[in-house]
Amino acid sequence: MSRTAAATTVAGPAALSPRTRRLLEGPVAWTLLRLAAPNVLVMVLQAVVSTLDAVFVGWLGSDGLAGVSLVFPLVMLMQTMSAGGMGGGVASAIARALGGGRRADANALVVHALVIALVMAGAFTVSLELGGPALYHAMGGRDGVLDSAVLYSRVLFGGALAYWLFNTLGSVVRGTGNMTLPASVMVACGLLYLVLSPALILGWGMFPRLGIAGAAVASVASFGLGSLALLAFLLSGRSLVKPTRRAFRLRAALFWDILRVGAPGSLNTVLTNLTVVLLTSLVGPFGVPALAGYGMGVRLEYLQIPLVFGLGSGLVTLVGTSVGAGAHARALRVAWVGAAVAAGVTGAIGMLAALFPHAWLGLFTHDPQVLAAGTRYLRIVGPCYGFFGAGLALYFAAQGAGRLLWPLLAGFTRLIVAAAGGWLATRWLGGDLSGLFAAMATALVIFGIINVAALRLGAWRAGPAAG
C-alpha cells in the first residue's frame, strides 16, 4: 500500500487538509528538514540568547553566576516541560487528530491544552515560591549566592504563566505543521529580551537598575508578549485549528489525548532536570568557583535540548501525523533520520567544546578556578553529547508515536547512574570532580544506547500507547 493510500484509509481524502497530506506524502528526510529548519534556526538564536543571559549576569560577579546556576535547572525544567514534555503532548494530539481527519477534536484540543497550561503554571509559581529558598540552600547556595538565587527565582517563577502560555500555544500551532509562525514569534521575543535584559540589569537610560532581577523581568515580559501574539493568530481564523464555542465544552477523552503523551513526557523532563539538580548539589561542597564552573559547563549541555527540540518539534508532528494516518513504516524512517541528524550535530558541539573549552567558558568569566572546573567538565562530558542528542531525538519521536515507556526508562536509568555514580565518586573514590563528571558522561552514553536499542528492537510495535 502506498503512503497516500495509508493516509486515506484512515480518514479519506476529503478529511485531510492539503498541509496534512503534504506531511504524509513528501520524502521523509526533506519533509523533516523542512519542518525542522525554522525551529532549528530559532533554537540557535535561543542558545545565543541563553548564552548572553549568562554573560549579562556575569557582569554582577561570581555570586550572580553561581546563583543563576542554582536556579537554571528549575528554569529549564519549566521550559522543557511546557515546550517538550506537555507541549509535545499537545502537538502530538493535534497532529494525530488532523492526520485522522478529526478537525473538530483538533479545535477542541486547543482549549484543553490551555486549561492544562493554567494549572501547571500555578503549580510552578506556588511550589517555587514556597520551597525555592530551601531547595537552593540544599543545592549549596549560601550568603550572596543564595540571595541572588532566591531573588531571580521569585521574579521569574512569579511569571510562570507567560512561559506556559507561550510554549503551549506554540505547540498548538506546530502540531498543525506550521513551524514558521512560532519560530518568527520566538525570534522577536529573543531580540526583545536582548535589549531589555542588559538595560534592566544595569539601569540603562530610562530603565531602573534591577541587578539580577532585571534578567528575570526581561524574560517574563518577552514571553508574555509572545503569548499574546500567538493567541491573536489562533483567534484570527488564519490557523488550521482555532478554539470554537463548542471547544469550550471540556471532555475527559481530550484531556487524556494530551496527557497520555504529555504526562510521561513531563516526567521525562523531571528526570532530566532532577539529574542536574542532584549533581549540582554534589558539586556545591567543592566551593563557589567549582559551582560556577560546572554551571557554565552544564549550560552547554542544556543548550543541546533546545537545539534538538528544533528538530524534535518536526519529529513530533511528522511521526504523529504518520501514526494517525496508519503509516507506521514512514514514522519509523522519520525517527531514524532525526536521531542520526541530532547525534551528528550534538556530537560535533561536544567534541569542539572538549577541544577548545575556553572558547565557551571565556564568554562568562576569566576566574582561573572557575575556568579549571568548567574545563574539566567539558573535556570529560562533552565527547558524549552525541549519545544525548540521539536519545533526545528518539524521545521526541516517541512522543509523536505515543510510545514513551522506553524513553522514560532511559531517563530514569540516566538519573540513577549519574546520581549514584557521582555520589560514590565524591564520597568513596577520592572526592575528585573528575570522578563525578565521569559518572555524568557514562549516564549520557547509557541514555542514548537504551533509546536506540529500544526502537531497533521494536518498542513501537507492542505495548500500550504512551508507555
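The following paragraphs describe the overall architecture of the protein and the surroundings of selected residues.

The model examined here is a predicted one. Its secondary structure consists of 17 helices, with zero strands. For a chain of 467 residues, a compact globule would be expected to have a radius of gyration near 23 Å, and the value of 21 Å found for the protein agrees with this. The C-alpha trace extends over about 65 × 50 × 35 Å along the principal axes. Of the 467 residues, 60% are buried. Among contacts with a separation of 6 or more, 83% are made by residues 24 or more positions apart.

The surface and the charged side chains were considered next. The exposed area of the protein is about 17,000 Å², and 70% of this area is supplied by carbon and sulfur atoms. The side chains include 29 positive and 11 negative ones. The centres of these two sets are 19 Å apart.

Two residues in helix α11 illustrate the environment of that element. Helix α11 covers residues 288-324 and contains F309. This phenylalanine has a relative accessible area of 8% and is therefore classed as buried, the limit being under 20%. Beyond its neighbours within four places in sequence, F309 is in contact with M43, A83, G84, R174 and F396. The C-alpha atoms of F309 and F286 are 33 Å apart, although 23 residues separate the two along the chain. L311 also belongs to helix α11. With a relative accessibility of 5%, L311 likewise counts as buried. Its contacts, again leaving aside neighbours within four places in sequence, are with L32, A36, V40, G338, V341 and A342. One of these partners, V40, is 271 residues away from L311 along the chain, yet the two C-alpha atoms are separated by 6.1 Å.

A further buried position is provided by Q399, which is located in helix α15, residues 385-401. The relative accessible area of Q399 is 0%, so the residue is buried. When residues up to four places away in sequence are not counted, Q399 touches G84, G85, G88, G89, S92, V261, G265, V316 and L404. G84 thus appears both among the residues touched by Q399 and among the contacts of F309.

In helix α10, which comprises residues 252-283, attention was given to T275. T275 is buried, its relative accessible area being 2%. A polar atom of the T275 side chain lies 2.7 Å from the backbone oxygen of L271. Outside its neighbours within four places in sequence, T275 is in contact with R414, L415 and A418.

Helix α5, formed by residues 103-138, contains L114. With neighbours within four places in sequence set aside, L114 contacts L165, T168 and L169. The C-alpha atoms of L114 and V90 are 9.7 Å apart, with the two positions 24 residues apart along the chain.

Two residues with greater solvent accessibility than the buried limit were also examined. S236 is situated in the loop that connects α9 (212-235) and α10 (252-283). At a relative accessible area of 38%, S236 is partly exposed, because this value lies between the 20% limit for buried residues and the 50% limit for exposed ones. The side chain of S236 forms a polar contact of 3.2 Å with the side chain of R238. S236 and G421 are 185 residues apart in sequence, and their C-alpha atoms are 53 Å apart in space.

D143 lies in helix α6, which spans residues 143-158. The relative accessibility of D143 is 65%, and the residue therefore counts as exposed. D143 has a positive phi of about 50° although it is not a glycine. Most residues other than glycine have a negative phi.

Methods. Residues are numbered from 1 along each chain as its sequence is written. This is a predicted model: local features need pLDDT of at least 70, side-chain atom pairs count only at pLDDT 80 or more; totals for chains, interfaces and linings use all residues. Side-chain values use heavy atoms; hydrogens and water are left out. Helices (H or I, at least four residues) and strands (E, at least two) are DSSP runs, numbered from the N terminus. The radius of gyration is taken over C-alpha atoms; the globule rule is 2.2 Å times the number of residues to the power 0.38. Buried means under 20% relative accessible area, exposed over 50%, partly exposed in between (1.4 Å probe, protein chains only). Contact means heavy atoms within 4.5 Å. Accessible areas come from the Shrake-Rupley method with a 1.4 Å probe; for residues, only the protein chains shown count as cover. Lys and Arg count as positive and Asp and Glu as negative; His and the chain ends are not counted. The place of a charge is taken as NZ of Lys, CZ of Arg, CG of Asp or CD of Glu. A polar contact is a pair of N or O atoms within 3.5 Å; within protein, one must be able to donate a hydrogen and the other to accept it, and residues adjacent in sequence count only if both atoms are side-chain atoms.
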